[in-house]
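Me: I have a new structure to look through. Can you take some questions on it?

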Amino acid sequence: MVEIKNKWGLGSQSTALGGGMLLARISKELEAAEPSCTVIGPHQPEYETLRRVWNGTVDRRPAAIVRPRTACQVAKAVQIAAEYSALLAVRCGGHSFPGLSTCDGGIVLDLSAMNHVVVDPLSRTVEVEGGALLGHLDVAGAAAGLVTPAGVISHTGVAGLTLGGGMGWLSRRFGLTIDSLLSVDLITAQGRALHTSQDIEPDLFWGIRGGGGNFGVVTKFRFKMHPLGPVLVGRWSYPRQAFDTVLRGYRDLAAEAPRELTTAFTMTSTTMSVSAFWCGSPENASAVIQPYGSLARADTSMIGGQTYLELQTRNDSHFAWGRRYYAKGGFLGDIDDQVIDGLLDAVATAPTPDSEFYVLQLGGAISDVDEATTAYSGRAAKFYWIAEPVWDNPVDDSRCIAWGRKAGGRLAAMSQAGNYVNEQADTGKDVSYNAYGPEKYNRLAALKARFDPSNLFRLNQNIEPKPSLVAHR
Ligand code: FAD
C-alpha cells in the first residue's frame, strides 16, 4: 500500500499498487489497446510540464498522466482506476484553487486533448468536449455572434467551471453557465457512459449543476447559446484615499443597475479598479456606465474600444499559470457599512502588491431561477466576493494564506448562507456542507451513493456518499 499525503488536508488516501506498477498496468491495458490515448510517466520528458497545474502552490507527482481522446478511452481509464483502487484526479483546465485535478502517486486523467467545440448557429446550441477551455468556447461562439455565459479568464476550464455553476460578465443577463446547460455525456464510476438532461436522469442533472465533479467524468456538454450584439466596457482606477467614497457611491449605483449592466471591482493595497460591462441596447450604453467613472477623481479611465472577446482575455496574464494563489469567497446580499469596513481593513494589510479582493455583481437572471432547481446554492446573492492573495515566493506561503483566511473569514461572517464551491482553496466536509446547506447536501450525498458509492471521484469539493438516504427522483 502506498500512502498519499495531501497538503490541503484531504486526508491520506491509498492505492493498492505502487506508482511504477500502476503506470506499467495502465500503459499495458490502455495505451496498447488505444494507441491515440497517451500515458505519460515520470521518466518521460513531457511529464514535468504536464504534471503542473495552474496554482504554483500545488506540486504533486502522479504515477501516470493519461491523456484520452475519446469517451471510450475515458471509460477505460476510469475502469482501471476503479479496479486497482487508484487515486484518480480528473483534469480539464487545471484551475482548481486547491489543486484537485492532480494527485501524488495516482492517475491524472488529463482531458486537455478533448477540447473540441462545435457551434450550431441554427439551433443556437454548442457541444463542448470535457477538456475545452473558456477561450475555445468564446472564440467558437464569436464567429456566429453567439455566447454561452461563463467566466472571465480564458484559460479556465469549461468543465470545472460549469460543474460548480459558472459566473461572469453575462450572468446577470443570461444566467449562470449551468442555466444554459441542456445536457451532459458522462462516464460514471463504473465506467458506464450516461446521458443526462432535464428529462433523462433529472436528479443527476440537478446534481451536476453545482455539485462539481462528484458524479462522473463529463466528456461532452451541450449548451444553449445566446445572440450578443456590441458591448460597452468601462474601467476606472481610483487611488487609495478614495476607496471609502468609491465603495459607498458604487453600492448606491449598483443597487439600481439593470440586468444588462454588470459591474465588478478589484481592490489591492494601492488601487481600486471598477469595471462596468453593458450588453443591452447600444443607445443607452454610455449614459448607464459613465457614472462609475465619476465616483471620485479617477487615476485612469477607459470607455469602449473592447469587444466581448477582448474583455474575456484582458486579465489572462494577470492570473498567470505558476504563480502562487489562495482563495476564500462568499455571497453578499448587500455592501453595507460593515462590509465596507471589512474590505478597507483587509486591503490595508494585504501581504503582497497583487493580493486583492474582487467583487462581482450577481442577481438578474441568476436570481430568476428558483434556489431548488439546481445544486448550486446562492441564487439570491447580489454580489460574490473573493479574497485572493497572489505571490511568487514559497517562503511567503503561510503569511499569504493566513491573510486570505483572516480577511476572508471576516467577510464570511457577514455573508449569506451558501457558497460557491469553485472558488474555495480550502477543502473538507465543512466546505461542501456549508456551501450547499443540510438539505441540498443530503440530497447530493444520496445521489453520490447511487452513482459513486465508493467515492472514486473524491478529488473535488467532496460529497461523501450516504447510502441510507434515498435520492429524489
Ligand atoms: P480543474 O482543476 O481541471 O478541475 C476542477 C475540478 O473539476 C476538479 O475537481 C476536477 O476533478 C473537476 N473536473 C474537471 N474536469 C472535469 C470533467 N470533465 N468531468 C468531471 N469533473 C471534472 N469561476 C467562475 O465561475 N467565474 C469566473 O470568472 C472564474 N474565474 C476564474 C479565474 C481563475 C484564474 C481561476 C483560477 C478560477 C476561476 N474561477 C471562476 C473558478 C473556476 O470555476 C474553478 O477554479 C474551476 O474548478 C476551474 O475549472 P478547471 O476545469 O480549469 O479546473
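Me: What pLDDT does the chain average?

Reply: The chain averages a pLDDT of 94, and 95% of the residues score at least 70. pLDDT is the predictor's confidence in each residue, from 0 to 100. This is a predicted model, where local features need pLDDT of at least 70 and side-chain atom pairs count only at pLDDT 80 or more, while totals for chains, interfaces and linings use all residues. Residues are numbered from 1 along each chain as its sequence is written, and side-chain values use heavy atoms, with hydrogens and water left out.

Me: Where does pLDDT stay under 50?

Reply: Over residues 1-14, for which the model has 39 contacts beyond four places in sequence (contact means heavy atoms within 4.5 Å). Residues 469-473 also have a pLDDT below 50, and that stretch has 10 contacts beyond near neighbours in sequence.

Me: OK, the ligand. How many residues surround it?

Reply: 34 residues, counting those with a heavy atom within 4 Å of the ligand. The closest are Val90, Cys92, Ser101, Met167 and Tyr420.

Me: What does serine 101 do there, in terms of distance?

Reply: An N or O atom in the side chain of serine 101 is 2.6 Å from an oxygen atom of the ligand. That is a polar contact, here a pair of N or O atoms within 3.5 Å. At cysteine 92, a backbone N or O atom lies 2.8 Å from a ligand oxygen. For glycine 160, a polar backbone atom is 3.2 Å from an oxygen atom of the ligand.

Me: How much of the ligand's accessible area does the protein cover?

Reply: 95% of the 960 Å² that the ligand has on its own, by the Shrake-Rupley method with a 1.4 Å probe.

Me: Which class mix does the shell have?

Reply: The shell has 17 nonpolar, 15 polar and 2 charged residues. Gly counts as polar in this scheme.

Me: New topic. What domains is the chain divided into?

Reply: Domain 1 (19-110), domain 2 (117-227) and domain 3 (232-423), with bounds from an automatic or database domain assignment.

Me: How many residues of domain 1 are in contact with domain 3?

Reply: 10 residues of domain 1 are in contact with 15 residues of domain 3. The centres of these two domains, taken over C-alpha atoms, are separated by 35 Å.

Key
A polar contact is a pair of N or O atoms within 3.5 Å; within protein, one must be able to donate a hydrogen and the other to accept it, and residues adjacent in sequence count only if both atoms are side-chain atoms.
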